[in-house]
Each structure stands twice: as C-alpha cells, then as structure tokens.
Amino acid sequence: MSKILELEALRKYYATQKAVDDISFSIEKGSIFGLLGPNGAGKTTLLRMITGIFYPDMGQITFDGKPFDPLNDIRMIGYMPEERGLYKKMKIGEQALYLAQLKGLSKAEAMEKIKYWFKKLEMETWWNKKVEDLSKGMSQKLQFVTTVLHEPKLIILDEPFSGLDPLNANLIKDEIFGLAQRGSTVIFSTHRMEQVEEICDHIVLVNLGKKVLDGSVAEIKQKFKENQFKIRLQEKPANINSDAFSVLQDHSNDLVVKIHEGFRSNDVLMHFLQQGTTIESFHEILPSLNEIFIRIVEGSSALTRSFQKVD
Amino acid sequence: MNKIFIVARREFLTRVQKKTFLLTTIGVPILIFAFYAVIIFMSVKSTSDFKVAVVDQANVFNGKIDEKKSSEVIFSFVNEDTATLNKKLEQKEYDAYLYVPAGFSISGQSNDSLQFRSAKTVGLMTREKIESRVSKALEEKRLLSMNISKAQLDSIQAQKELITFANTSGKKENQTKVGVSYAVGFISGFMIYIILFIYGTMVMRGVVEEKVSRIAEVIISSVKPFQLMMGKIIGIGAVGLIQFLIWGVLIIVIQLAVPVLFPQLFEGMQAQPVQPGMMAAVDATKQQPDMIKGLMEGLNQINFPLIVGCFVFYFLGGYFMYASLFAAVGSAANEDMQDAQSLLLPIMMPIIFGIVIMMQAVNNPNGNLAVFGSLFPLTSPIVMMARVAHGIPDGVSTFQLILSMLFLILGFFGTTWLAGKIYRTGILMYGKKVTWKELWKWAVKKN
C-alpha cells in the first residue's frame, strides 16, 4: 500500500518551547491512524502543519507522493480542529454551503453533496435552522458533515466524539469506518484510549514534542506485554510455586502469573498439568493502551515543559 | 472562484440581510429629515411676540427704540410705576419691562443704569435681540448728541463691506463661499471620522465573533488567514459603500419630495417677513434673497466632483488602512471584550488627533499642522477633506493632494502587512491576555 502522508524530521519551535521536535512517521492510504499524546504534547501544532496552517521550521511533508503544497492540497484535506465552532447566526444549509465553497467546490457540486449527507445523517429538516438552535451533539454532527463533505483524501479529526451521546458517537464511528473503506485516510487525534483501541489500525504517541511510540495497536501491545498470564483452575494444587514463573495474584482459583526470562507459557501449563489439576482457562494479559500511555507519559508533565529552553 | 470573494460575499450578505441594516440605512436619513422638519416648523410657527414695556422716565428714547416693527420683540412705551408693572408681569400682560430711571443720561455721567425685569428667564436669543437693539439706539442717540446729523449717521452706516477679499490670482472670494467650504470640509471630515469608527469596530467585532465562536480555525484550514481578513474587510467595506449610496439617493429623493409634499412649509418661510409698507420688512425681504444668492454662489464655486471623488477615495483608503488594524486587535482579543478595549486605544489616538487637526484645517487649510496632518496617512483621510473643500489651489496644491493619496496607499499596504501577521498568530491563540508588546513581536517575527 502506498503512503498518503510522510513526515520527515518535522520541527516547529516556539519562543518558549519546542512544540514539535524532530518527528517522522508515515500513514498508509485508507488506514485509520491514531495520533495520541497528553495535553500540550504538540499534537495540535503537528496537525496544524499537516493542514498547512503553520509552516514547519524544518523538515519535509510529502502528501500523496508529492511535496506538500498547502495552497492546492488543502482541497484534499478535511480538518475538524479541537477548537471548533460554527457561525451561530447563520442558517445551517447556508453554512454548509459556504464552508464547502471555501474548500473549492462549485455551488451545484456542494448542494448535491450536502443533500446526500444531510439525508444520510437525518438532518434534512435542519436546513433553515440556525446553529444557535442546535444542541451540542447536533452541531457536532453538522461539523462532521462540513469536514468530510468535499470528499477529502485525508480526514483529520481532533477529538471527534467529545460531546456526543453513545448513539451519535456510534453513528459517526460507522461513518469513519465507511470513509476509510472508500479509500479516505483518517487521522484521529484523541486521548480517549478505548476509542483508539477500537478504531485505529496504527498509532503514534507523541510526548514533549517527540515521537515515543509508532506501530500497529497489536504490535505495541506485544511490545509492552509483561509476560503475564491468567489461569483458572478447578481446584488449587498444594504447590503453586515454580522456577518458571512467580505468582502475582492469588485469588481463590484464579492466579495471575509472570513467566520468567527463558521460560514459555507451556512451562506454566506443564507445571499444573503434572499436578493433575484441571485447567479451566488460560490466557495472556496484554496491557491496555491506557496503561501503556500512562506508563510512558507519567512523570513528564506538560508544566515542566513550558520552562524548557530552546537552544 | 477566489476565496477572498467568497468570504467577502458572506460578510456582505449576512450584514445586508439583517433587519437592523434596513432599519438604520433607511431610518437614519428619515430621522434626520424629520428632525430638520420639526426645527423648521417650530421656527416658522413660534412667533409669539415678546412684549417689553418701557418706562422712560428720563425720556432718552423719545417714545421709540428704533424703526423695526416686525421682529419678535415689541417695545411699548408706558408711564407706570414699577409696582403696577410688577403686577402686570404676573398677569402676563407684558413679558418684561425696561426701566429708565429719571437720573439716566446718555452721556453716561450718571450713576443710574437701565433696569430690566422679566417674569421668567429670558431666552438667549431674545436677550441678545433686546440688548443689541437698545444699545444700538443708545449709540445713535449719543452720536446725534455729539452734533452728528442724521444724514451723516446714515451714510456712515451705509458704508459697510468695502473690503473685498481676494487671493493672489485675483479671483474674488465670496464670503459665503468660505463659509460653505468650511461647512463642507467640516462635515465630510467628520463623516470620515465616523465611518472609521463605525466600520472599523464592525470589522473588529466580526473578528472577535469568529474567534470566540471557534470557527476561525475551521476556516483557516480552508483559506489563508490573510484571505479571511481581507474578505471580511472588503465585505464590510462594501456594506458601508452601499449604505452611503442608499443614504445619498434617499437624501436627494427627500429633498425633492419635501417641497412637493409640504408646500405650505416653504411658503410660510417666505411669507413670514413680508408686511407691506414697512421699511424693516423691505430690508428683510431684500436680505434673504441676497443670502440665498450668496449661498448658491458659494455652492456653485465649490468643486463637487473633486470633493465627492476625494471623499470616496479617502473613505475607502482610510477604511482599508484602519480596518486591518481593527482586525488585528480583534484577533488578539478573547471572550472578554475588555481586553480589546485597552488594545484599541493606540488605534483610536490617531483618529482623534485627525479630528482635532481637521478642526484647525478648516480654518487654516495651509497651516503647518494642516499640511502635516493631510500628508500623514493615519490622519490624512480626515484632515485632507477639510483642505480639499477649499478647492485647488486655495486649500491644497495638486502636488500635495497626489502625495497624500500616495502616502495613504503606502500606509494601507504597511498596516495591512503588519496587521496580517498579527492576525495570523492572534486568531489561533486562546486564553491568553495579550499586550501591545506581544502584538509587536508577532508582527515582526519571521514568516
């Protein structure tokens, strides 16, 4: 698969901090990509460079095989920033039309697409309403429509589910999957890890302006696993200790064990089988992204970072 | 389609489609005309005379103050003591009385002075009329008592306005022309001052709204910040232009329509002073056409195409120059409009200086201050209008006018470039109170 976006040694320094400090990664076409990081990690700056709002101080952005040209490529990108809003006094239909035209769509084209999306998300009756009359969830839906309306190759969503109820969140989630299936690439920025685990194929974690993790969700989990297994036995044998592992938790018939260096999971099973115990279940405990996130980010608060000097 | 145009069209349409736009655009001139109509109507109607009883114990006035009969103050000579007069004041038979004590003499050697009593406070205009008529009568009496004959006195009074004001080119200057130039210069300068404020703050509010409603970043991802700023400025400028166009048309229509709809108003104005057989009335009727003639002459001598052309140029030039600055301030503001207020001051200062210099310039269009103010781009839109009203070359030389326009265009590029950079940073900056020092840093930093 070819790449839609390649970042190479991207840097953006502000007067008081290195917002983005030498970040490189690439995104496959048609994938759903998670950009993670704590508050103030440099995510927004990174996204603003990808959307052409900021110019990088150094580094190279390649969009769809060519050097990124913000003036023309902007038509191919849909960006829903975290700090988002709409004109409160403007009618919803006119607003969608205006934003689509700003993306370079002709009026007829824009009308056709607006009608399609409004119908799909059951928003047809909203046309003449004003944004100030909408609930937060409704305006979020409208915001999503205006972001994807011009069928961008690259869709960037910064915290797309904030303020949405589970029903509407599922609706939007399905649309995101749908868009990815039709060939769009989605960059998904959030710090809600359970959503990332559910949606993303590939993630990058940034902290303090640097990339600290890069890989598929399964890969990363494998990388951070601690060889812990959970085992359920019908009845506990007399000797549960062995050289192969140490017991971390012992809770009635459930045990959590950590396998030592040089041993395999089979050694655990062997130990119990030899004692004639019936094993009811046995599975590996993989760390959640949340645990990984906290483990990496902990101790490097954004506060200390704001006093960091640029040399 | 150009994105600046799309933005400008939205800015224009959303404002023009508002009900308040229609209300102010059509309501304001109608209100102004209604106001004038009421004033004219009142001045025509309010002819209740002010009656003054004169008790001339020294017999200074010899039974009459002067020849005027038609004016609003009527003097009647009576021979009553002050007590009865006080009572008559209460009964409103007279509005006031003038008491000339027996010891009063026109040579001014006595200690007794004229006494004036009224039941209510006398209005400034009436008071001035009484004062001038009485002191003029006294002056005449004094001159006559110094053996100057009535014929001599009349000829002295007839010898007025012998000075003709002319400039070096020998062109005669009608006094009313200077007056009309003054008025035109003042009004057009003042209008530009108002425009800069109204439409400048409109731009600022628009920017603040975009920032506060958090749509700025959504739009910035489709258009360049500069395009968004220029689109807004052009759109609101177009609103202003349309508004002035409508006002211009309305004023002309109303001016034509009012005499047709209310002919009695104007007849009344003309008929009022005509009371046949009276000297004063003849004087008055002779005077009024003279004034109107002078006014028309003055208006004819004013170069209106030049003034209208300059007005449009300085209106747009001044607006575009200041609007970008207002936009920059708006971009630095947060939810709290108070922040913007304090940042606004440095922008308001030159506008206020402009109006101060303009007030000097209408009087003295070639003074040093006026020349400086009309060349300096931040004040020139206001000051130059005052000078242009006096015409070329009386008020301003062609060279200076062209130079001033050139400076204004350069000033526009300068402020827009500077403001564009502030705007680009400010529009995406949240939750921080910004100072001018920081704005300056944003403006001069690279890229």
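Accessible areas here come from the Shrake-Rupley method with a 1.4 Å probe. With that in hand, let us walk through this predicted model, starting with chain B as a whole.

## Chain B in outline

The accessible surface of chain B comes to about 25,100 Å², and carbon and sulfur atoms hold 65% of that area. Of the 447 residues in chain B, 41% are buried. The secondary structure of this chain is made up of 16 helices and four strands. Contacts in chain B with a separation of 6 or more reach well along the sequence: 73% of them are between residues 24 or more positions apart.

One spot on the surface is worth a visit. V28(B), I32(B), F35(B), Y36(B) and I39(B) form a nonpolar patch there, and together they have about 490 Å² of accessible area. Y36(B), one of these residues, sits in helix α2 of chain B, which covers residues 19-45. In an α-helix there are 3.6 residues a turn, so residues three or four places apart point the same way. Why is Y36(B) classed as partly exposed? Its relative accessibility is 49%, and the exposed class takes in residues over 50%.

Chain B also has a network of charged side chains. Salt bridges that share partners join R10(B), E11(B), R15(B), E210(B) and K232(B).

## Salt bridges in chain A

Over all chains, the salt bridges number 24. Three of those in chain A are set out here.

| Salt bridge | N to O distance |
|---|---|
| K3(A) and E28(A) | 2.6 Å |
| K29(A) and D64(A) | 3.0 Å |
| K153(A) and D64(A) | 2.6 Å |

Take the pair K3(A) and E28(A), joined by a salt bridge at 2.6 Å. K3(A) belongs to strand β1 (residues 3-13) and E28(A) to strand β2 (residues 18-28), so to speak of the pair is to speak of distant parts of the chain, 25 residues apart. K3(A) is partly exposed because its relative accessibility is 30%, and E28(A) is partly exposed too, at 26%.D64(A) appears in two rows of the table, with K29(A) as one partner and K153(A) as another. D64(A) lies in the loop between β4 (58-63) and β5 (66-67), while K29(A) lies in the loop between β2 and β3 (32-36), so their salt bridge ties together parts that are 35 residues apart in sequence. The salt bridge between K153(A) and D64(A) links parts that are 89 residues apart, with K153(A) in the loop between α5 (136-148) and β7 (154-158) of chain A.

Is D64(A) buried or exposed? D64(A) counts as buried because its relative accessibility is 19%, and the buried class takes in residues under 20%. Its partners are classed otherwise: K29(A) is partly exposed at 30%, and K153(A) is partly exposed with a relative accessible area of 35%.

## Covered parts of chain A

Helix α1 of chain A, residues 43-50, is mostly covered, with seven of its eight residues buried. The buried ones are K43(A), T45(A), L46(A), L47(A), R48(A), M49(A) and I50(A). Just after this helix, G52(A) takes a positive phi of about 80 degrees.

P237(A) offers another covered position, this time in a loop. The loop runs between β11 (228-233) and β12 (245-251) of chain A. With a relative accessibility of 13%, P237(A) counts as buried. Which residues does P237(A) touch, leaving out those up to four places away in sequence? They are F272(A), Q275(A) and T277(A). For P237(A) and F272(A), which are 35 residues apart along the chain, the C-alpha atoms are separated by 7.8 Å.

## Where chains A and B meet

Q143(A) brings both chains into the picture. This residue lies in helix α5 of chain A, and it counts as buried at 4% relative accessibility. Leaving aside neighbours within four places in sequence, Q143(A) is in contact with M80(A), R84(A), G85(A) and L86(A), and also with V218(B) from the other chain.

V218(B) turns up again in the lining of a cavity. How many cavities of 30 Å³ or more does a search of the whole structure find? The search finds two. The largest cavity holds about 80 Å³ of space. From chain A, its lining has Y79(A), L99(A), K103(A), T146(A) and T147(A), and from chain B it has V218(B), S221(B) and S222(B).

Conventions
Residues are numbered from 1 along each chain as its sequence is written. Chains are lettered from A and ligands numbered from 1 in the order in which they are written. This is a predicted model: local features need pLDDT of at least 70, side-chain atom pairs count only at pLDDT 80 or more; totals for chains, interfaces and linings use all residues. Side-chain values use heavy atoms; hydrogens and water are left out. Patches are made of residues with over 30% relative accessible area and no salt bridge: like charges are joined within 9 Å, nonpolar side chains (Val, Leu, Ile, Met, Phe, Trp, Tyr) within 5 Å. A salt bridge is a side-chain nitrogen of Lys or Arg within 4 Å of a carboxyl oxygen of Asp or Glu. Helices (H or I, at least four residues) and strands (E, at least two) are DSSP runs, numbered from the N terminus. Buried means under 20% relative accessible area, exposed over 50%, partly exposed in between (1.4 Å probe, protein chains only). Contact means heavy atoms within 4.5 Å. On a 1 Å grid over the protein atoms alone, a cavity is a set of points where a 1.4 Å probe fits but cannot get out, and a pocket is an open set with protein on both sides within 12 Å along at least five of seven lines; lining residues have an atom within 4 Å of a point. Grid points are joined across faces, edges and corners, and a volume is the space filled by probe spheres set on the points.
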